[in-house]
Amino acid sequence: MSASLEPGIEKLMIKRILLGLFIYVAAISSKAEDGSRLWLRYDTVNTVPQIECGFDSPVVRVAAGELSSFWKGGKVSLQLMADSKHYSLGNDGYTITTHNGVICLGSLSEKGLLYAAYHLLRLQECGIDCSRLDISEKPVYDIRILNHWDNPDGTIERGYAGRSLWKWDELPSVISPRYVSYARANASIGINGTVLNNVNASPEVLSTDNLEKVKALADIFRPYGIRVYLSVNFASPIKLGGLPTADPLDENVASWWRNKVREVYSLIPDFGGFLVKANSEGQPGPCDYGRTHAEGANMLASALKPYGGIVMWRAFVYSPTDDDRAKQAYLEFKPLDGKFLDNVIVQVKNGPIDFQPREPYSPLFGAMPHTQLMVEFQVTQEYLGHSNHLAYLAPMWKEFYSYFSPSCLRAAAGVANIGDDTNWCGHDFAQSNWYAFGRLAWNPELSSEDIAREWLAQTFTTDEKFVSPMEDVMIKSREAVVDYMMPLGLHHIFAWGHHYGPEPWCEIPGARPDWLPAYYHQADRTGLGFDRTETGSNAVSQYPDSLAAVFGSLESCPEEFLLWFHHVPWKYEMKSGRTLWDELCFRYQRGLDSVRGFRSVWEDMSPYVDAERHAAVSHRMDIQVSDAIWWKDACLEYFRTFSRMKYPKGIDKPVHSLKELKKVRLPIDNYTCPAADMLPGGVK
Ligand code: GCW
């Protein structure tokens with residue numbers, strides 16, 4: 001939402017920035033390198049730069065303030081421009097051009113100028129020559145949004161960086177300075193929305209008391225161009241409103257929602273809308289009343305529509321049927337194509353199961369041409385080593401986009417990896433995933449390499465002796481995780497509950513079969529992998545014919561998805577000429593060797609990195625190496641009981657025995673302690 005201009009203020013030279021901002025800047029600049037400054041490690045400038053701006057508004061004050069404090073170059077002029085060029089760039093787009101030595105930031109809106117200001121500072125921090133600039137930027141998505149899975153009690157579901165940033169018990173009277181830092185960090189990478197609470201939503205989030213707290217946050221985020229959204233519990237009319245039903249077709253229910261929405265907008269006029277997890281993993285939803293997802297979503301959307309709000313309705317559903325879990329979201333949602341109102345966006349996880357280290361894309365993308373869809377990525381590393389493992393996720397998200405044009409989608413959401421840890425994300429390198437999510441939500445065409453380089457340059461140093469080797473580490477890191485956790489299309493062989501370590505043997509009496517690893521790996525004496533071809537669950541048929549043919553044939557299926565789509569004999573000859581068993585051993589070993597290599601590169605980086613962050617990252621990398629051994633031993637020793645084949649040459653002897661590993665038990669949630677401590681012998 002654009003703040004209105006004040007035409008009376010003429011050619012205001014914003015040279016003196018609010019004292020408060022200076023104090024804030026001085027405070028953050030003097031902090032130790034504890035990761036708290038993220039990629040925003042600008043030095044305060046001593047001379048006051050000339051920032052010219054002919055108008056004032058809260059958003060533009062932030063933009064001009066950032067430049068006044070940190071821009072080291074010459075004169076910068078911020079201009080609202082309503083010409084055809086800027087119209088074509090939309091509200092958030094902007095230009096940065098140089099005229100007679102003056103850098104001109106132009107946009108249709110103040111928000112565009114804010115993004116332009118951060119762009120300029122990014123160029124400066126990356127050491128790029130800014131003397132002749134001619135830049136036009138326009139985001140691919142209007143909605144670039146973080147999903148926090150934060151609970152009212154301060155815990156975070158699948159959060160590995162401390163407790164929630166939102167101090168609900170202190171709000172609205174006590175305002176943590178981190179709220180501004182959070183907004184600033186997001187704005188600097190183009191993120192413009194935040195869902196504050198867990199999709200497993202407490203009805204209380206909509207209580208009047210809580211809405212006052214939400215309003216306090218929305219007021220802080222607004223000058224940074226960030227709109228607030230809430231996850232809502234579909235049964236709120238019962239639990240909060242005392243109604244006997246939450247049936248979306250019941251007029252009292254619809255009216256309860258309309259009144260609630262009116263209350264929300266009276267407090268937060270630019271409120272973004274609702275995110276809903278319905279009829280999934282025990283959450284209530286319209287299907288409880290025999291209604292469809294579309295009927296549920298549309299009822300909420302109608303209530304939000306008069307205010308410009310939207311509904312993001314999640315397609316993460318898998319009812320306890322016998323059908324392959326990978327097929328279920330498609331089966332439930334595809335028949336609803338075209339039935340959602342125009343302010344509903346169906347939010348689909350990138351893959352058909354659940355944020356695994358590698359999944360093929362969800363076949364729902366492309367299957368609902370008459371419905372607005374958005375992708376949900378997971379920035380928090382639920383299935384990629386939590387905040388202990390270095391896993392740069394841009395290559396994974398780019399892989400998703402490689403299957404179709406990003407512009408088919410309406411928006412991108414990222415499940416946040418942010419908590420109240422000093423460095424925000426636990427692992428210093430996990431900050432790069434927050435950063436990369438924002439950059440890719442703005443422009444999915446950016447390369448993983450470029451994003452890694454600019455993040456490294458801003459977060460550590462522009463010295464090529466650092467940037468180049470660490471870029472290489474980052475780029476290879478996700479593939480390394482796939483290799484040492486679940487290569488060749490294996491998936492969901494995690495331990496029960498915490499999703500951190502391996503437990504391919506896990507059996508829990510009475511548990512849903514599709515919550516257990518054996519459902520996914522299907523290991524037996526003949527081979528390994530889930531047959532999703534015609535002879536099996538036929539999940540391949542949900543993909544477009546051309547792709548279904550590729551995935552469905554053992555010969556043409558890319559090896560990275562082999563065991564996702566096929567049950568493959570142990571002695572099957574792989575492209576390398578090795579048997580499946582040997583290839584599996586080779587991949588686990590390769591993953592381990594990679595992380596050992598990353599550890600040694602990092603050791604060499606000590607001259608370029610402050611001691612504090614160097615030690616912190618080293619510590620987590622030691623854990624990662626030890627975990628990679630754990631994964632390799634657990635999976636290979638277990639699968640060997642089926643293949644009954646020997647380890648090929650070049651594979652390290654197992655350090656742990658299967659018997660020992662089966663005894664390892666980790667705390668279920670928020671697992672952040674070094675795995676080495678829990679493993680027999682404390683392996684390094
Ligand atoms: O990834 C799984 C997680 C759940 C999560 C769920 C979802 C918020 O294990 O913790 O719940 O997906 O996305 O709804």
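**Exercise 1.** Which backbone nitrogen does the side chain of Ser107 reach?

*Solution.* A word on the model: it is predicted, local features need pLDDT of at least 70, side-chain atom pairs count only at pLDDT 80 or more, and totals for chains, interfaces and linings use all residues. Residues are numbered from 1 along each chain as its sequence is written, and side-chain values use heavy atoms, leaving out hydrogens and water.

Step 1: find Ser107 in strand β4, residues 102-107 (strands are DSSP runs of E, at least two residues, and helices are runs of H or I, at least four, numbered from the N terminus).

Step 2: follow the side chain of Ser107 to the backbone nitrogen of Ser109, at 3.1 Å.

Step 3: check the surroundings. Ser107 has a relative accessible area of 0%, so it's buried (under 20% relative accessible area, with a 1.4 Å probe and protein chains only). Beyond its neighbours within four places in sequence, its contacts (heavy atoms within 4.5 Å) include Gln79, His86 and Tyr94.

**Exercise 2.** Work out whether the length of helix α12 agrees with its residue count.

*Solution.* Step 1: take the twelve residues, 431-442, at 1.5 Å a residue; the expected span is 1.5 Å times one less than the number of residues.

Step 2: that gives 16 Å, and the end C-alpha atoms are 17 Å apart, which agrees.

Step 3: look at burial. Twelve of the twelve residues are buried, so α12 is largely enclosed by the rest of the structure. Among them are Trp434, Arg439 and Trp442.

**Exercise 3.** Describe the shell around the ligand by residue class.

*Solution.* Just count: four residues are nonpolar (Ala, Val, Leu, Ile, Met, Phe, Trp, Tyr, Cys and Pro), eight are charged (Asp, Glu, Lys and Arg), and three are polar (the others, Gly among them).

Terms used: Buried means under 20% relative accessible area, exposed over 50%, partly exposed in between (1.4 Å probe, protein chains only). A polar contact is a pair of N or O atoms within 3.5 Å; within protein, one must be able to donate a hydrogen and the other to accept it, and residues adjacent in sequence count only if both atoms are side-chain atoms.
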